[in-house]
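Subject: Handing over a structure, with notes

Dear colleague,

I am passing this structure on to you and would be glad if you kept it open beside this message while you read. The notes come after the structure itself.

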Amino acid sequence: MAEVASVADAPEWRIIMNVTICVGSSCHLKGSPKVIKRLEYLIAQHHLEDQVELSGSFCMDQCSLGSSGVCVQVDNVIHSVTPSTVDSFFQEYILGGLAS
């Protein structure tokens with residue numbers, strides 16, 4: 001029989017945060033390509049590639065709620081992020097979320 005590894009044998013890294021960026025037409029016009037590029041850079045700069053998973057999604061149906069930026073979902077909470085606020089968003093919700 002194959003031996004089953006224990007949780008203690010698991011690697012120390014694992015994806016612990018899922019970040020989904022809307023790439024629908026409205027968010028695209030609001031700067032989603034710039035937000036994605038900057039988040040990719042910040043994640044790499046902080047060596048978080050094994051802890052944070054970035055993905056894209058077509059419309060998240062938040063435009064009608066008055067979102068002025070790109071819809072970015074972090075573990076089931078949707079935020080409005082612009083290219084000019086992405087750094088502070090990263091600090092508060094990604095780094096802050098990983099630290100908690």
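What follows goes from confidence to the core, then to the helix packing, and ends with a few single residues.

Please keep in mind throughout that this is a predicted model. The mean pLDDT of the chain is 85, with 82% of the residues at 70 or more. Over residues 1–10, however, the pLDDT is below 50, and in the model this stretch has zero contacts beyond near neighbours in sequence. Helix 2, which covers residues 32–45, has a mean of 97, while helix 1, at residues 25–29, has a mean of 91.

The largest nonpolar core is made up of 22 residues, and those with the most contacts inside it are Val-19, Leu-39, Val-52, Val-72 and Ile-94. At least two residues of this core come from each of strand 1 (17–22), helix 2, strand 3 (70–74) and helix 3 (86–99), and helix 3 gives the most, with five residues. To see how one of these core residues is placed, you could start from Ile-94, which touches Met-17, Val-19, Leu-39, Val-52 and Phe-89 when residues up to four places away in sequence are not counted.

The packing of two helices is worth following next. Helix 2 and helix 3 pack with their axes 10 Å apart and at an angle of about 50°, which makes helix 2 oblique to helix 3. The crossing in which helix 2 passes helix 3 is right-handed. On the helix 2 side the residues that meet helix 3 are Val-35, Arg-38, Leu-39, Leu-42 and Ile-43, and on the helix 3 side they meet Val-86, Asp-87, Phe-89, Phe-90 and Ile-94.

Two residues may help you to find your way around helix 2 and the loop that precedes it in the numbering. Ser-32 is found in helix 2 and has a relative accessible area of 1%, which is under 20%, so Ser-32 is buried. Leaving aside neighbours within four places in sequence, Ser-32 is in contact with Ile-21, Cys-22, Val-23, Cys-27 and Val-70. Lys-30, by contrast, lies in the loop between helix 1 and helix 2 and is partly exposed, with a relative accessible area of 25%. Although Lys-30 and Val-70 are 40 residues apart in sequence, their C-alpha atoms are 6.0 Å apart in space. With neighbours within four places in sequence again left aside, the contacts of Lys-30 are with Cys-63, Ser-67, Ser-68, Gly-69, Val-70 and Pro-83.

Finally, there are two residues whose backbone I would ask you to look at. Most residues other than glycine have a negative phi. His-47, which is not a glycine, has a positive phi of about 55°; its place is in the loop between helix 2 and strand 2 (52–57). The relative accessible area of His-47 is 64%, which is over 50%, so His-47 counts as exposed. Asp-75, also a residue other than glycine, has a positive phi near 45° and lies in the loop between strand 3 and strand 4 (77–81). Asp-75 is partly exposed, with a relative accessible area of 37%.

With best regards

Definitions and conventions. Residues numbered from 1 in each chain as written. Predicted model: local features only at pLDDT ≥ 70, side-chain atom pairs only at ≥ 80, totals over all residues. Heavy atoms only, no water. pLDDT = per-residue confidence, 0-100. Helix = DSSP H or I, 4+ residues; strand = E, 2+ residues; numbered from the N terminus. Contact = heavy atoms within 4.5 Å. Core = buried A, V, L, I, M, F, W, Y, C linked by side-chain atoms within 4.5 Å. Buried < 20%, exposed > 50% of the residue type's maximum accessible area, 1.4 Å probe, protein only. Axes fitted to C-alpha atoms, helices over the stretch in contact; angles between N-to-C directions. Parallel < 35°, antiparallel > 145°, perpendicular 65-115°, else oblique. Left-handed = near helix turned anticlockwise from the far one by under 90°.
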